[in-house]
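Got the viewer open? Let's take a short walk through this one, one selection at a time.

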Amino acid sequence: QSLFIWIADTNNSRIVKWVNSSTALTVCGSYGSNSNQFINPKGLFVDTVAGNTLYVVDTGNHRVQMWPPGATSGITVAGLTGYYGAGLNQLWNPLAIVVDSNQNMYIADVTNARILQWKVGASFGVNIEGLTAYGTSSITFDPNGSLFFADTNNNRVLRYAVSCPTNISTTTVSSVVTTTMPSSNSNCPMIVWASNATTIAGSPIGIAGFTSTLLNYPAGIMVGKNDSIYIMDYGTSYYRMQLFYPGSQLGTTIFNATFGTGLNQISYAVALNIDVSGNIYILDQNNDRVTKWTPGASTGIVLAGNNGVGSSLTTLNTPWDFFVEPNTSYIWIADSYNNRIVKWINTSTAVLVAGGGTSGLKANQLNYPEGLFVDTSDSNTLYIADTYNHRIQKWLYGASNGTTVAGQQSGVSGSALNQLYKPFTLTMDTNKSLYIVDYGNHRIVLWLLGATSGILIAGTGVAGVLPSQLYYPYSARFDSTGALIVNDFSNNRIQRFPVLCSPNMTPSSTTSVSTNSTSITATLQNTTMPVPITTNSLTTSASE
C-alpha cells in the first residue's frame with residue numbers, strides 16, 4: 001500500500017527501495033559471496049505479510065537469500081553458495097522467484113530449465129513435473145493459486161495449477177562434504193577412488209579465465225614426468241600450452257599459438273599427446289590435421305592431414321581424437337564426420353581401419369566416433385568411442401566388423417550403468433578394463449573385461465561444480481599414484497580423484513601397453529590382481 005518500489009539493481013549487486021521518484025535507499029548488498037553480499041542478483045520477492053521479508057535471487061552465487069526485516073545479512077534458503085549444478089539441492093543461474101503463503105518458494109532455475117518448489121528450511125527442492133522451460137524470466141501467481149511463468153526462449157507464457165507432489169525424489173541431491181581419506185594401510189577388495197576431487201588447475205568453482213591460475217575451456221591435458229600436467233586452453237586470440245608442476249596451481253606457459261591456418265598457428269585444438277622426447281602432438285580439428293611441436297619450437301610440423309576437408313583417405317573431416325603408436329609413430333585418428341578410423345603411415349599415406357561411409361548402427365558402421373584407444377600389446381586391437389551410437393566398439397585389426405563391449409549394441413542411450421550417453425574418450429589398463437569418459441552423463445565409468453555394466457568411479461551423473469561433480473568432461477588420465485586426472489572441460493578445471501584404498505598388494509612391474517603406466521590393483525571376478533593403468537599417451541618419460 002506504500003507503493004514503494006523494490007529493485008534488483010543487478011550490476012551494482014544490491015537491492016534498492018525507491019521511496020519516491022527522487023529518493024532511493026539501499027536495502028542490502030554489495031559485490032561478493034558473503035552472507036551480506038550478492039553477485040548480480042536478478043530477481044526478488046517481498047513478503048509484505050511477513051513484515052517485508054525479502055527473498056533475493058542471487059544469480060551469480062547460484063542461491064536464494066532470505067533477509068528478515070532489519071537483518072544485516074541474509075540466510076541461504078536455496079542452493080549452495082558458489083556451487084552451480086543440476087542436483088535438487090543446487091541452482092544454476094536462477095532468475096526469478098515467487099513465494100506462497102506457506103513459505104514455498106517457486107524458483108526459475110534457468111540453466112537447469114526447470115521450476116523448483118522449495119520449502120523454506122528444506123535442504124532441497126522439488127522439480128515441478130510436466131514443465132519444459134528454458135530462459136524463464138518471471139514467475140507469479142494468479143488469485144486462484146495457478147502459477148504463471150514467462151517461458152522466454154519458447155516465446156510463450158505457461159499456466160500451471162499447483163498441486164502437492166505425491167512422490168519426492170532426492171536421488172539427485174549432491175553433497176559438498178569432503179571425503180575423509182582413510183589411513184594409508186587401508187585394505188579393500190578392489191581399488192576405490194575418492195568421490196570428491198581436488199582441483200589441481202583452474203578454478204574449483206568453475207570460473208573461466210585466461211591467467212596463470214585460471215583456465216578457459218581446456219582443450220587437452222597430458223600427465224608428464226613426475227606427475228606434471230600439460231594443459232592447452234585458449235583466450236580471445238591465441239592458444240597456450242601450460243605446464244603445471246605437482247603441488248602448484250600456477251601454470252608456466254611453454255608456447256603460444258595464434259588462431260589461423262599457418263604452421264605456427266592453431267585453429268581448434270581438441271586433443272594432445274606427448275612422446276618420450278617431449279614432442280607435443282596436437283590434433284587441430286578445424287585445420288583437419290595433426291602437428292608435432294618439438295621442444296622449444298615456435299612452429300609445428302604436419303604429420304597427418306592439412307589437405308582440406310574431405311572424405312578421401314588423405315583428407316579428414318572434423319577429427320576428434322588420435323593415438324600415436326609408441327614404436328612406429330603411426331597416427332590413428334577418429335575421423336568423426338567421415339564415420340571412420342584411419343591410420344596415417346606418413347604424411348601422404350593413410351589406410352582405413354574401421355567404419356567409413358555413412359553413419360549407422362551395423363557392426364561395420366560407426367556414428368560420429370570421437371575417441372579411440374589402440375591396444376598395441378594385443379595386435380593393435382582398436383577400441384572406439386562410437387559416440388552417437390552410445391557404445392564402445394572393439395575392432396580387431398584387419399577386421400571388417402566391430403563388437404560392442406560397453407553400452408548397448410542397439411545404440412540406445414541412457415544413464416543406467418549398463419548404458420552410455422555420448423561416450424567421448426577412453427583408455428584401458430593391461431587387464432583390458434576400460435575407463436570411459438561418459439560425456440553426456442557427466443561421469444567416468446570403469447568397465448571390466450566381459451562386464452555387462454560399468455562402475456561409476458568419478459562424477460555423480462548430475463552436472464555441476466561440486467567436488468564430486470563433473471560438467472561435460474573431455475578426457476581422463478592417471479598419475480603415478482593411480483589417481484584419476486580429469487579434464488572437467490565445461491567447469492574450466494582439472495580434477496584429481498585420489499585413490500582411497502586398494503588391495504594390500506605389492507605393485508606389479510608388468511610393462512603396460514604404452515610407456516605411461518602406473519601399477520594399481522583391482523578385483524576382477526573376486527580375484528585380486530595387479531592392474532597397470534595404461535593411458536592413451538606417452539608421457540612418463542617426457543622432458544619436464
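**Stop one: the annotated stretch**

Start by selecting residues 444–466, which an unreviewed UniProt entry annotates as "transmembrane region". Keep in mind that you're looking at a predicted model. Switch to cartoon: over residues 444–466 the chain is 0% helix and 35% strand, and the C-alpha atoms at the two ends sit 15 Å apart.

**Stop two: the nonpolar cores**

Next, pick Phe322, Ile333, Trp344, Ile444 and Leu484. In the largest nonpolar core, which has 34 residues, these five touch the most other members. Colour domain 1 (4–166 + 179–256) and domain 2 (267–498) separately; both give residues to this core, so it lies between them.

Now zoom in on Ile333 and show what surrounds it. Leaving out residues up to four places away in sequence, Ile333 touches Val290, Ala304, Leu316, Pro319, Asp321, Phe322, Arg340, Ile341, Val342, Trp344 and Leu372. Apart from the largest core there's another, of 24 residues; to find it, select Leu366, Leu426, Ile436 and Val445, which are among its members.

**Stop three: the cavities**

How many cavities of 30 Å³ or more are there? The count comes to two, and the largest holds about 170 Å³ of space. To get there, select Asp321, Thr425, Tyr474, Ser475 and Arg477: of the 20 lining residues, these are the closest to the centre of the largest cavity.

Which elements give two or more residues to that lining? Highlight β17 (220–223), β21 (269–274), β33 (423–429), β34 (434–438) and β37 (475–478). Finish on β33, which supplies the largest share of the lining, four residues.

Key
Residues numbered from 1 in each chain as written. Predicted model: local features only at pLDDT ≥ 70, side-chain atom pairs only at ≥ 80, totals over all residues. Heavy atoms only, no water. UniProt positions renumbered as here; feature names shortened; annotations may be inferred. Core = buried A, V, L, I, M, F, W, Y, C linked by side-chain atoms within 4.5 Å. Buried < 20%, exposed > 50% of the residue type's maximum accessible area, 1.4 Å probe, protein only. Domains from an automatic or database assignment. Contact = heavy atoms within 4.5 Å. 1 Å grid on protein atoms, 1.4 Å probe; cavity = no way out; pocket = protein on both sides within 12 Å on 5 of 7 lines; lining within 4 Å. Points joined across faces, edges and corners; volume = space filled by probe spheres on them.
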